[in-house]
Amino acid sequence: MINKWIQQDVIAIDDPVDLLVYQTRLVGSDDSLVIGGGGNTSLKTKEIDWRGDEIEVLRVKGTGANLINITRNQFPGLRLQDLKNLFDKSIMTDEEMVEYLDRSLIELDSGRPSIETLLHAFVPRISILHSHADAILSLTNNNQSRVNLKKVFGNDLGVVAYKRPGFLLSKEVGKAALKNDNLRGVVLINHGLVTWGDTPKESYDSHIELVNRAEKFIEDNKSFSITNPHNSKNNKLNRNFVKIIAPVLRGLVSREERFILNFDNNDDILKFVNGDKGKLLSRLGAATPDHLLVTKRNPLWIDILEKHSPREIYNSINTSINAFTRNYSNWFHRYNHYNVSMKTKEPRVVLIPGVGMWTLGKDAITASTVNKIYNHTISIINNAESIGSYKSLKPKDVYDAEYWPLEMYKLTLAPPEMELSRRIALVTGGASGIGRAIARRLAAAGAHVVVSDMDLSGAQLVANEIVSKHGSMKAIAIEMDVSKPIQVEKAFEQLIYAYGGLDILVSNAGIARWGSMTDITQQDWNDSISINTTGHWLVAKEALKIMQPQGLGGSIVIIGTKNITSPGKEFGAYSVSKAAAGQLARVLALENGKYKIRVNTVNPDAVFKDSQLWSSEIREQRAEAHGIPVDEIEEFYVQRNLLKVNVSAEDVAETVLFLASDRSSRTTGAVIPVDGGLQ
Ligand code: ZN
């Protein structure tokens, strides 16, 4: 592990809290120290309080903050003397502790401090740093832990037996620090490492040096590798198999709440799932109380083979998930002394030999955090096994950690879910005009959006905009020409790898070619049919290959045109090809009602703004067809409708949102015009 401290970077920093921010971000930037919201840091400072008196203040990470991008205001300050006064108490309930911490805050508007605040307060040193370093966990989660910890750290670190974080653990750490002035920190069994020093640099340097010692010990003492794949040809991935498994898996884990799936088959995962001991080791439990909140105690292991039929695959996955949720529920009811309601029973990590790993989350970023943590868990287990035997928390301790009311409180800090949260939508022709407005609208309603277009860079711009507005991994861009079957198939494969399934398809891509039936070229006619008719069929077909086995219903919206019901002269190829798409939607609705997949059509008219369709040639041509000057074309269409209004892409997107959402759950095979009303 690299010590990333660069003295040059901090020379200009004179505020101690800024130095704490610098140190904390360094820790957060290393995945093998902390992941997501894990770990915490603190600094004891002197500040002037509201009375004008100088007091000792503990600046400690706020609950829920991520170390990697933490800011100054995410370090609430607490009156240190108030906290020190608690050290002599013998017991304190969580509620008492939280209330006490709240009352010790020096600013009225700061967030809650970390639930490990007292640990930081009770150690009489200026700078404290706590991580869940992988190498430390390989030593602590081990039947050889006592012996090995002594060998590696000698008298530099104290050892504190496992206790759930909270008042008592904080006292234990404080006592260890007081007992021995020479300690540089403590190892927390089944949990991680705490180091301290007089400055943020000292506690950081110590941390990295001690983790490096652990890494070196493991490297020098590795007796064997557990990762002997029993079948090397399993390492070659069958992409088709992934496409078959993912929707079934997503459907079966989403019976209570929908999940977004992340797929990974990197070498370490494949070695683990294909190794002789993978199944056994995966059942030994998570590495820390912090990790199990994200991954649950154990992953779900499913044995399925490529030669199995789709029915057999479905049955294996179904049986495995049912057994997992049954076990989880039994375990929960056995230990539920907090008398709280059960979290979703579904696994968060799914391992399949020969294939890889899926991780689940309420959104893609959460699924990716689960992925990161389990990748580290695999490395922790492998290293632990190479120097002893991996050991984890007892089932009761797991309950106490997973259902600790203070951790449950953290969950309430998450923003409320939105109408399309946990949903995955694909919009074709999403780089501009109506498609772009739809992609934006669905994302604003909480959906993960796949923006597809022939114009990949245009689609990428839209996806980037969504990500910057609604969060990391909320959108991706995919190149797709809807008239090319191979490209369409590949695009849906990309979607499966990115999110694991599909809930909403908005088939929007289209072209407009003009000319009377006697003048239009064969090429324009063919292009119109292949994009405006066949294109809708191809994307719908691929979408159904996911939605049907997924078993969660779905919504397909085809963007038609008012020309379906009321064609325009010299606009025949467009009108005919779009009318066929309208008929396609009705047939799709007929065939897919039994799957609870709804198929509806939206017929817009005269949406000019940002439209690729309304090119200057089309404007001129339609003006000529209607016998009006070209600069009056927009006004002509306004005057043509009953409401005398302009129709915007956003108006169309609003109707698409209604059809995509459960608000229209009883509507299929319908056609909704968005045209200002036409006679
Ligand atoms: Zn911790």
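Me: Which residues does Trp358 touch, not counting residues up to four places away in sequence?
Reply: The model is predicted, and contact here means heavy atoms within 4.5 Å. With residues up to four places away in sequence left out, Trp358 touches Arg348, Val349, Val350 and Ile352. The rest of the list is Val242, Ile245, Ala246, Leu249, Leu261, Asn262 and Phe263.

Me: Which members of the largest nonpolar core touch the most other members?
Reply: This core has 59 residues. Trp358 is one of the members with the most such contacts, along with Ile245 and Leu249. The others are Ile317, Phe492, Leu502 and Leu505.

Me: Why does this core lie between two domains, and which are they?
Reply: Residues of the core come from both domains, so the core lies between them. The two are domain 2 (232–412) and domain 3 (424–674).

Me: How many residues are in the second, separate core?
Reply: This second core is separate from the one just described. Among its members are Ala431, Ala439, Ala445 and Leu657. Its residues number 35.

Me: What share of the residues of the protein chain counts as buried?
Reply: A residue counts as buried when its relative accessible area is under 20%. The protein chain has 679 residues. The share that counts as buried is 56%.

Me: Among contacts between residues at least 6 apart in sequence, what share joins residues at least 24 apart?
Reply: The protein chain has 25 helices and 18 strands. Among its contacts between residues at least 6 apart in sequence, the share joining residues at least 24 apart is 74%.

Notes. Residues are numbered from 1 along each chain as its sequence is written. This is a predicted model: local features need pLDDT of at least 70, side-chain atom pairs count only at pLDDT 80 or more; totals for chains, interfaces and linings use all residues. Side-chain values use heavy atoms; hydrogens and water are left out. A nonpolar core is a set of buried Ala, Val, Leu, Ile, Met, Phe, Trp, Tyr and Cys residues joined through side-chain atoms within 4.5 Å. Buried means under 20% relative accessible area, exposed over 50%, partly exposed in between (1.4 Å probe, protein chains only). Domain bounds come from an automatic or database domain assignment. Helices (H or I, at least four residues) and strands (E, at least two) are DSSP runs, numbered from the N terminus.
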